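Thank you all for making the time this morning. I would like to go through one structure with you, beginning with its aromatic pairs, then the ligand site, and then some individual positions in the chain.

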Amino acid sequence: IQKMTDLDLAGKRVLIREDLNVPVKDGKVTSDARIRAALPTLERALKSGARVMVMSHLGRPAEGEFDEKYSLAPVAEHLSALLQRPVPLIRNWLHTPFEVAEGDLVVLENVRFNSGEKKDDEALAKTMAALCDVFVMDAFGTAHRAQASTHGVARFAPIACAGPLLANELDALATALDAPARPMMAIVGGSKVSTKLEVLNALSEKCDQLIVGGGIANTFLAAAGKPVGKSLCEHDLIPVAKALMEKVSIPLPVDVVVAKTFAEDAEAILKSVDDVEEDDMILDIGPVSAQQLAEQLKKAGTVIWNGPVGVFEFDQFGEGTRALSLAIAESQGFSIAGGGDTLAAVDKYGIADQVSYISTGGGAFLEFVEGKVLPAVAILEQRAAQS
Ligand code: 3PG
């Protein structure tokens, strides 16, 4: 793949696709991790004297129409504060000519307001490509989407390359997945086996140990013949869980934290995994299990972490996730965390600086781990092969 860092961008019109799809509430950005992750790329392009145009989607608006709720205005404002320079938002950028001076940066309004974006419309992609001399794909979080601003534009831009954020993400994932330092451990948490099936399958082929957590773990406990009460559990997937347990070592909790109701103020009751009653809901792993897993994680050569092991939004059910977070932080191995909730846990337990790599991808992270081709990366490879 051609890299942005190998190109001379001075004076060039540089169109950068970022994933600035961040949570916004009452017109303010509430978590700016993705914006901060894009800063080094943007700063570098600015410093090299490029005319920088940044594009992104935000949310899932009805396509083809402007909707204030999904405007990138709060993102442009936030970016302006971080870069400490004005960041104009260009609203009607496909149909109204605009100029960007050398060493200046503008944000183009939500790409999903353009009809044809999601279906990777060729005419739309060509119009985007005509805006630039160099297209930089830097949105790892959207690289699993073949859309006009991630894939189509890369077909037609005079030059298409990977930005530093995308390149770093791909390198980190390759380090963790292609030639992992052993032992390799993965944590797959979350509520349902069904939504993580492909990830579990892919990781069971590569890992030395696979830790399951959250609702996912309950299906494995049921498969091992343990009582799960009224916990979230996919009984129809018990055979799948059994097959996975035959392929890879999947340590199951010996103690669990249960509650009678699912609520912020629910009482947390610690139990042996054999004593779960009919009206119990398993909401976290217990301290003995957490300690055992933490010891293993500290010795791991590689850790891939996706998903919490308990309902950590409620403090009394967050101790398991906290213990594993701290073990990952202490581990000397290469650790990578990715996927929606995981980053919230990383933030909550303050371990961001101790994780080797934090991915900006949710769905894209999972698809990469599953071994799927990311279309927005594949097109960059094709372009590089042609040149
Ligand atoms: C994400 O948040 O996972 C990415 O920004 C992709 O968003 P999408 O699922 O709406 O395409």
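Let me start with the term that the first part depends on: two rings of Phe, Tyr or Trp, taking the six-membered ring of Trp, are called a pair if their centres lie within 6.5 Å, and the angle between their planes then sorts them into stacked when under 30 degrees, edge-to-face when over 60, and tilted for the rest. What you have in front of you is a predicted model, and by that criterion the structure holds 3 aromatic pairs, of which I will describe some.

One of them is formed by F66 and F113, whose ring centres are 5.3 Å apart and whose planes make an angle of 70°, which puts the pair in the edge-to-face class. This pair links distant parts of the chain, since F66 sits in the loop between β4 (51-55) and α2 (73-83), while F113 sits in the loop between β6 (105-108) and α3 (122-129), 47 residues apart. The two partners differ in their class of exposure: F66 has a relative accessible area of 43% and is therefore partly exposed, whereas F113, at 9% relative accessibility, counts as buried.

Another pair consists of F312 and Y349, with 6.4 Å from centre to centre and 55° between the planes, and this one is tilted. It, too, links distant parts of the chain, with F312 in the loop between β14 (302-306) and α10 (319-330) and Y349 in the loop between α11 (340-348) and β16 (357-358), 37 residues apart. Both F312 and Y349 are buried.

Let me turn to the ligand. Which residues are around the ligand? They are D19, N21, R34, H57, R60, R112, G141, R145 and G363, and by class this shell has 5 charged and 4 polar residues, with no nonpolar ones. Three side chains can be given with distances: from an oxygen atom of the ligand to a side-chain N or O atom, the separation is 2.8 Å for D19, 3.0 Å for H57 and 2.6 Å for R60. Taken alone, the ligand exposes 310 Å², and the protein buries 85% of that.

Next, the helices. Helix α4, residues 148-156, is mostly covered, with 7 of its 9 residues buried, and the buried ones are A148, S149, T150, H151, G152, V153 and A154. What do the buried residues of α4 pack against? They pack against β1 (13-17), β4, α3, β7 (134-137), β8 (159-162) and α13 (375-386).

In helix α1, which spans residues 33-47, we find A38, and its relative accessibility of 1% is why A38 counts as buried. Leaving out residues up to four places away in sequence, A38 touches E18, L20 and L165; its C-alpha atom is separated by 9.9 Å from that of R17, which is 21 residues away along the chain. In helix α11 there is T342, which at 1% relative accessibility also counts as buried, and which, with the same sequence neighbours left out, touches W305, N306, G307 and A337.

By way of contrast, A224 lies in a loop, the one between α7 (215-223) and α8 (238-247). Is A224 buried or partly exposed? Since buried requires under 20% relative accessible area and exposed requires over 50%, the 40% of A224 makes it partly exposed. Apart from neighbours within four places in sequence, A224 is in contact with M245 and L252.

Finally, the backbone. As background, most residues other than glycine have a negative phi, and most peptide bonds are trans. Against that, the peptide bond from R182 to P183 is cis, with omega near -5°, and P183 lies in the loop between α5 (164-177) and β9 (184-188). Q84, which is not a glycine, has a positive phi near 55°; Q84 is placed in the loop between α2 and β5 (89-90) and, at 72% relative accessibility, counts as exposed. D120 likewise is not a glycine and has a positive phi, of about 60°, and is found in the loop between β6 and α3, but at 17% relative accessibility D120 counts as buried.

Notes:
Residues are numbered from 1 along each chain as its sequence is written. This is a predicted model: local features need pLDDT of at least 70, side-chain atom pairs count only at pLDDT 80 or more; totals for chains, interfaces and linings use all residues. Side-chain values use heavy atoms; hydrogens and water are left out. A residue is near a molecule or strand if one of its heavy atoms lies within 4 Å of it. A polar contact is a pair of N or O atoms within 3.5 Å; within protein, one must be able to donate a hydrogen and the other to accept it, and residues adjacent in sequence count only if both atoms are side-chain atoms. Accessible areas come from the Shrake-Rupley method with a 1.4 Å probe; for residues, only the protein chains shown count as cover. Ala, Val, Leu, Ile, Met, Phe, Trp, Tyr, Cys and Pro count as nonpolar, Asp, Glu, Lys and Arg as charged, and the others, Gly among them, as polar. Helices (H or I, at least four residues) and strands (E, at least two) are DSSP runs, numbered from the N terminus. Buried means under 20% relative accessible area, exposed over 50%, partly exposed in between (1.4 Å probe, protein chains only). Contact means heavy atoms within 4.5 Å.
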